[in-house]
Amino acid sequence: MARSPASVTVLAATCAEADAWATALMVMGTEAGSMIARDRGIRAMFLDRHAA
């Protein structure tokens, strides 16, 4: 099962593009989303959940 990040922040030319990518990357999960972001040159930050 893919780890679901707490949030994803994306820097893009427009708010709409950043929002679309952030939503898509969050749905993909941390591992797959970060690979896609890296491969496509998307500037993204994943904030993961950590159990105490």
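**Group meeting: two strands, two helices and a shared core**

Asp-19 is exposed, because its relative accessible area is 51%, and the cut-off for exposed is over 50%. I start there as a way into helix 1, where Asp-19 lies. Please keep in mind that what you have in front of you is a predicted model. Asp-19 and Val-8 are 11 residues apart along the chain, and their C-alpha atoms are separated by 9.5 Å.

Now compare another residue of helix 1, Ala-18. Is Ala-18 buried or exposed? Ala-18 counts as buried, because its relative accessibility is 13% and buried means under 20%. Setting aside neighbours within four places in sequence, Ala-18 is in contact with Val-10 and Ala-12. From Ser-4, which is 14 residues away along the chain, Ala-18 is separated by 19 Å between C-alpha atoms.

Next, strand 1, which covers residues 7–11. In a regular strand, side chains alternate between the two faces of the sheet. Here, Val-8 and Val-10 point to one face and are buried. Ser-7, Thr-9 and Leu-11 point to the other face and are not buried. Strand 1 runs antiparallel to strand 2, residues 43–47, and 5 bridges join the two. As one position to look at, Leu-11 stands opposite Arg-43 in strand 2.

That brings me to the core. Which residues make up the largest nonpolar core? There are 8 of them: Val-8, Val-10, Ala-18, Ala-22, Leu-25, Ala-37, Ile-42 and Phe-46. Strand 1 and helix 1, residues 15–28, each supply at least two residues of this core. Helix 1 gives the most, with 3 residues.

Leu-25 is worth a look on screen. Leaving aside neighbours within four places in sequence, Leu-25 is in contact with Val-8, Val-10, Gly-33, Ile-36, Ala-37, Ile-42, Ala-44 and Phe-46. Leu-25 also takes part in the contact between the two helices: Trp-21, Leu-25 and Met-28 in helix 1 meet Thr-30, Ala-32, Gly-33, Ile-36, Ala-37 and Arg-40 in helix 2. The residues of this contact divide into 6 nonpolar, 2 polar and 1 charged.

How do the helices sit against each other? Helix 1 and helix 2, residues 30–40, pack at an angle of about 135°, and their axes are 6 Å apart. That angle is why helix 1 counts as oblique to helix 2; roughly antiparallel would need an angle over 145 degrees.

Last, Asp-48, in the segment after strand 2. Asp-48 counts as partly exposed because its relative accessibility is 23%, and the cut-off for buried is under 20%. What does Asp-48 contact, leaving aside neighbours within four places in sequence? The partners are Arg-3, Pro-5, Ala-6 and Thr-30. Thr-30 has already come up, as one of the helix 2 residues that meet helix 1. Asp-48 and Gly-29 are 19 residues apart in sequence, and in space they are 9.7 Å apart, C-alpha to C-alpha.

To recap the three residues: Ala-18 is buried, Asp-48 is partly exposed, and Asp-19 is exposed. I'll stop there.

How values were computed
Residues are numbered from 1 along each chain as its sequence is written. This is a predicted model: local features need pLDDT of at least 70, side-chain atom pairs count only at pLDDT 80 or more; totals for chains, interfaces and linings use all residues. Side-chain values use heavy atoms; hydrogens and water are left out. Buried means under 20% relative accessible area, exposed over 50%, partly exposed in between (1.4 Å probe, protein chains only). Helices (H or I, at least four residues) and strands (E, at least two) are DSSP runs, numbered from the N terminus. Two strands pair if DSSP finds at least two bridges between them. A nonpolar core is a set of buried Ala, Val, Leu, Ile, Met, Phe, Trp, Tyr and Cys residues joined through side-chain atoms within 4.5 Å. Contact means heavy atoms within 4.5 Å. Axes are lines fitted to C-alpha atoms, for helices over the stretch in contact, and angles run from 0 to 180 degrees between N-to-C directions. Angles under 35 degrees count as roughly parallel, over 145 as roughly antiparallel, 65 to 115 as roughly perpendicular and the rest as oblique. Ala, Val, Leu, Ile, Met, Phe, Trp, Tyr, Cys and Pro count as nonpolar, Asp, Glu, Lys and Arg as charged, and the others, Gly among them, as polar.
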